[in-house]
Amino acid sequence: MPPITTLKKSDMYSSPVGPLYHRCPLCPSRSGPASQLLRCGACRAIRYCSREHQTAHRSEHKYICNEIKKVRAKLSKEEYAIRNATPDILTPANAFETEVGHFWGIVSTRDYMQARCMLAKYLCSIDTLDGVCECLEHLQDMLRLCRKDNMGNRQIIPTIMLRLDLDQECYDFMKWWATCDPHGTYDWADTSLPYLDLHGFDVLENPGWILGKLPVLEHLDALLLLKLKLLVDIRNIKITRRLLANRKYLPLELREQIEREVVRSPLSLNLQREPHESLLKSERNLLSHVRRLGAAIMKINSHFMSILFDPDEALNGEFQLYSPGSWEEAALAMQSSYATWWETEGILDLLDDARACSIQDSGNEVDDWMANEEAQKGRTLQERRSNLSLTGMWCYLDWAAENSAWLGPWSDRPSERHMRKNRENAAKSVADLTRVLADDGADSDWSDDDATD
């Protein structure tokens, strides 16, 4: 029986799945060195294989191209004003030289910072390697200029790093922000203090460091993405090893090269060196971490996962204000991370299969709910199944991970075997209970003679 499809792909997102590389938007399967592609001279963020394709794509690209040109011009104007400012009690001379680290505290720099944020947003939305790389450069430099990050750029940087496969940098970045100021005494104005100085931490370690009193939704989202990315890589390594097991005469160097080609994360190069049992242990640890992170996200914002599987309204919305735990908060987080979810092959499919397993294995619970009119409270069967799958999928992630590495017949998939076993156990439990009740009833049947005695 095929899985119950629960994933609704975004109607507005059509970027190719997989890592970003220089490619023409009209023939994304073709790629090559950047020098062999024509670059748009206006926005400098998109490339084409030919003049013909550049012309054909102009109507679609025109709006964002013009917006980028306008915001670049505004940014240049604001930068010139800061560098050539006449100093007074509120305005320093050339803040780029004298006020690095706390730009936001200087009112005259705020138009510049806002323009730079807008440019980064536009560049990232194009979904090209040039655009995303330049976006990250702007955001990171704004952190250099304003350490305290009053604009909240630290919230969106991790998922942008993941799009560029800067996975170790992403992990270290999030860990620094989560652990830099445990006692609330860090002096953000003191530029001599260490800043973003954590490097090389173990991504397979327990995620407890991010599950503090006030976890950041966007960082939980990014860490969940990273752990799922590694899980998919482990799946690919396991399948590759299984397929190559019978190729006895394949040189070791060629085997290692093939394994390198099937993983996405640079961190997975370490996983490839692990023997089978160690690899399985890493997989079990990652599954445990993903369940904890998924539960944490559901706890601080119950809307996030439902938006992930039906994102169109959130991706199209514009929000200025939000409250913690609100739909708007989840929608904003999704706007900054959905491209990463989409482009990281295999992770949405893994979660979708876990949802399907949850629904299929909970059939009796759904039937009982449908029979109870008071429990329904106006909700449809589809709504109930969706809610059940979102809360239950974390418990079925192990089954989905087993399914993803399965190469046999559909009917013998691990989840199908687990569900058959569960049904057999449930039937056996009912039979045992019935027998016990029957035995108890027989023992308690007194005859009239027994009662007289």
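In this predicted model, a good place to begin is Met305 and the company it keeps. Once its neighbours within four places in sequence are set aside, Met305 is in contact with Leu224, Ile297, Met298, Leu390, Met393 and Trp394. Met305 also has a special place in the largest nonpolar core, a group of 106 residues: together with Trp341, Met305 touches the most other members. Helix α8 is the element that gives the most to this core, with 13 residues.

Helix α8 deserves a look of its own. This helix runs through residues 217-244, 28 residues in total, and covers 41 Å from its first C-alpha to its last. At 1.5 Å a residue the expected figure would be 40 Å, so the span of α8 is close to expectation. How many residues of α8 are buried? The count is 25 of the 28, and helix α8 is therefore largely enclosed by the rest of the structure. One general point helps when following any such helix by eye: an α-helix has 3.6 residues a turn, so residues three or four places apart point the same way.

Helix α8 turns up again when the enclosed spaces are examined. The structure holds two cavities of 30 Å³ or more. The largest cavity has a volume of about 60 Å³, and its lining is formed by Leu231, Val232, Arg235, Glu283, Gly346, Leu350, Ala401 and Ser404. Two elements, α8 and α19 (397-404), each give two or more residues to this lining. Of the elements involved, α8 gives the most, namely three residues. Sorted by class, the lining of the largest cavity contains four nonpolar, two polar and two charged residues.

The second largest cavity holds about 30 Å³ of space. Around this second cavity sit Met113, Met142, Leu143, Cys146, Asp149, Asn150, Met151 and Asn153. Its lining divides into five nonpolar residues, two polar ones and one charged residue.

Pockets, unlike cavities, are open. The second largest pocket has a volume of about 560 Å³. Which of its 19 lining residues come closest to the centre? These are Trp177, Ala178, Thr179, Leu214 and Val216. Helix α7 (residues 167-179) supplies the largest share of the lining of this pocket, three residues. As for chemical character, ten of the lining residues are nonpolar, five are polar and four are charged.

A single glycine offers a smaller-scale example. Gly392 belongs to helix α18, which spans residues 381-392. Is Gly392 buried or exposed? With 11% relative accessibility, Gly392 counts as buried, because the cut-off for buried is under 20%. Gly392 and Ala354 show how folding can bring parts of a chain together: 38 residues separate the two in sequence, while their C-alpha atoms are 8.2 Å apart in space.

Stepping back to the whole protein chain, the secondary structure comes to 21 helices and four strands. Of the 453 residues in the chain, 46% are buried. Contacts that link distant parts of the sequence can also be counted across the chain. Among those between residues at least 6 apart in sequence, 67% join residues at least 24 apart.

Terms used:
Residues are numbered from 1 along each chain as its sequence is written. This is a predicted model: local features need pLDDT of at least 70, side-chain atom pairs count only at pLDDT 80 or more; totals for chains, interfaces and linings use all residues. Side-chain values use heavy atoms; hydrogens and water are left out. Buried means under 20% relative accessible area, exposed over 50%, partly exposed in between (1.4 Å probe, protein chains only). On a 1 Å grid over the protein atoms alone, a cavity is a set of points where a 1.4 Å probe fits but cannot get out, and a pocket is an open set with protein on both sides within 12 Å along at least five of seven lines; lining residues have an atom within 4 Å of a point. Grid points are joined across faces, edges and corners, and a volume is the space filled by probe spheres set on the points. Ala, Val, Leu, Ile, Met, Phe, Trp, Tyr, Cys and Pro count as nonpolar, Asp, Glu, Lys and Arg as charged, and the others, Gly among them, as polar. A nonpolar core is a set of buried Ala, Val, Leu, Ile, Met, Phe, Trp, Tyr and Cys residues joined through side-chain atoms within 4.5 Å. Contact means heavy atoms within 4.5 Å.
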